[in-house]
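Me: I'd like to learn how to read a protein model feature by feature. Can you walk me through one?

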Amino acid sequence: TGPPRSSPVTPKLMVTPRSRSGRSRRCRRLLSLFYLDWSSPRCADDCASAAATAGRDVAIGGAAAKSSLGLAAAAFVASLSSFQFGYATGILNVPQRIITTDLGLDKDSISWAVVVSIWALGGLLGAQVAAVVADSRGRRPLLALSGLTCGTSGLVAFCAGTASLAAGPESVGGRSALCLLVLSRFISGGGCGMATVAAPLYLGEIATTETRGALGSLAQLSVVVAIVVAQGLA
């Protein structure tokens with residue numbers, strides 16, 4: 001009998017000590033390329049398999065990064081609705097004296113109280129409309145409708161300021177400016193009422209488990225930042 005045949009050598013993967021910091025699976029796949037048994041004839045196949053697995057992990061990581069970027073962009077756009085709410089809340093505080101002088105109003109008059117308080121009435125109606133639109137059309141159309149409503153209120157307010165500058169406080173143009181200002185505040189309240197429903201609802205639905213806390217507080221943070229911005233601009 002001849003000498004015993006030697007068993008074929010199979011490539012073995014050397015086990016590396018696990019890092020205390022906990023390396024990701026992608027890093028371990030890449031590092032495994034350097035610990036293969038290079039004397040094996042199947043080493044090239046093992047290298048190709050490990051490289052393909054590592055490449056797939058890199059592709060998955062890239063898709064996750066793109067998804068995170070899209071989530072951040074969607075959250076930023078949604079938070080602009082809450083920003084409109086905060087801006088409309090604090091915009092009348094500082095320029096009150098100038099507005100009342102141009103319109104010929106007393107700061108303690110009923111007319112000025114209507115200008116300030118009708119915003120809350122518009123918000124009440126806007127919140128009721130938001131519930132219907134959110135269920136029938138969706139969250140993103142509701143956010144778009146909220147932004148369009150607030151933009152319309154800004155256009156009406158611009159017309160009110162133009163009318164007050166073109167005419168005196170006691171003239172027909174001055175009274176028209178007051179009516180336009182009241183209408184602008186009412187429309188703004190409607191848009192902000194829809195924003196108070198749309199923004200937290202949308203942010204809560206797009207948030208992942210890891211970002212639920214951050215996105216949940218983003219709406220309130222946008223309101224506070226907008227109030228500060230409104231006070232600074234006024």
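Me: Let's start with the largest pocket. Which element gives the most residues to its lining?

Reply: Before anything else, keep in mind that this is a predicted model. For a pocket, go from its volume to its lining, and then to the elements behind that lining. Here the largest pocket has a volume of about 630 Å³, and 25 residues line it. Helix α5 gives the most to that lining, with 8 residues. The elements that contribute two or more residues are α2 (43-90), α3 (96-103), α5 and α6 (172-206).

Me: Which residues lie nearest the centre of the largest pocket?

Reply: Those are Ile91, Leu92, Ile99, Ala157 and Leu181.

Me: Zooming out, how many helices and strands does the protein have?

Reply: Count the elements, then read their order. The tally is 8 helices and 0 strands, so the pattern along the sequence is α-α-α-α-α-α-α-α. For how the chain packs, look at contacts between residues at least 6 apart in sequence: 75% of them join residues at least 24 apart.

Me: What share of the residues is buried, and what supplies the exposed surface?

Reply: Of the 234 residues, 32% count as buried. The protein exposes about 14,600 Å², with carbon and sulfur atoms supplying 65% of that area.

Me: Take serine 222. Is it buried or exposed, and why?

Reply: Compare the relative accessibility with the cut-off: buried means under 20%. Serine 222 comes in at 9%, so it counts as buried. This residue is in helix α8 (residues 218-233). Leaving aside neighbours within four places in sequence, serine 222 is in contact with Ser79, Ser82 and Phe83.

Me: And why does glycine 161 count as partly exposed?

Reply: Partly exposed runs between the 20% and 50% cut-offs. Glycine 161 has a relative accessible area of 29%, so it is partly exposed. You'll find glycine 161 in helix α5 (residues 139-166). For a distance to check in your viewer, try leucine 178: it is 17 residues from glycine 161 in sequence, and their C-alpha atoms are 9.1 Å apart in space.

Me: Which residues form the nonpolar patch on the surface?

Reply: With a patch, list the members, then ask which element they come from. The members are Tyr87, Leu221, Val225, Val229 and Leu233, and together they have about 430 Å² of accessible area. Helix α8 supplies the largest share, 4 residues.

Me: How does valine 229 fit in?

Reply: Valine 229 is in helix α8 and belongs to that nonpolar patch. Its relative accessible area is 31%, so valine 229 is partly exposed.

Note on methods:
Residues are numbered from 1 along each chain as its sequence is written. This is a predicted model: local features need pLDDT of at least 70, side-chain atom pairs count only at pLDDT 80 or more; totals for chains, interfaces and linings use all residues. Side-chain values use heavy atoms; hydrogens and water are left out. Buried means under 20% relative accessible area, exposed over 50%, partly exposed in between (1.4 Å probe, protein chains only). Contact means heavy atoms within 4.5 Å. Accessible areas come from the Shrake-Rupley method with a 1.4 Å probe; for residues, only the protein chains shown count as cover. Patches are made of residues with over 30% relative accessible area and no salt bridge: like charges are joined within 9 Å, nonpolar side chains (Val, Leu, Ile, Met, Phe, Trp, Tyr) within 5 Å. A salt bridge is a side-chain nitrogen of Lys or Arg within 4 Å of a carboxyl oxygen of Asp or Glu. On a 1 Å grid over the protein atoms alone, a cavity is a set of points where a 1.4 Å probe fits but cannot get out, and a pocket is an open set with protein on both sides within 12 Å along at least five of seven lines; lining residues have an atom within 4 Å of a point. Grid points are joined across faces, edges and corners, and a volume is the space filled by probe spheres set on the points.
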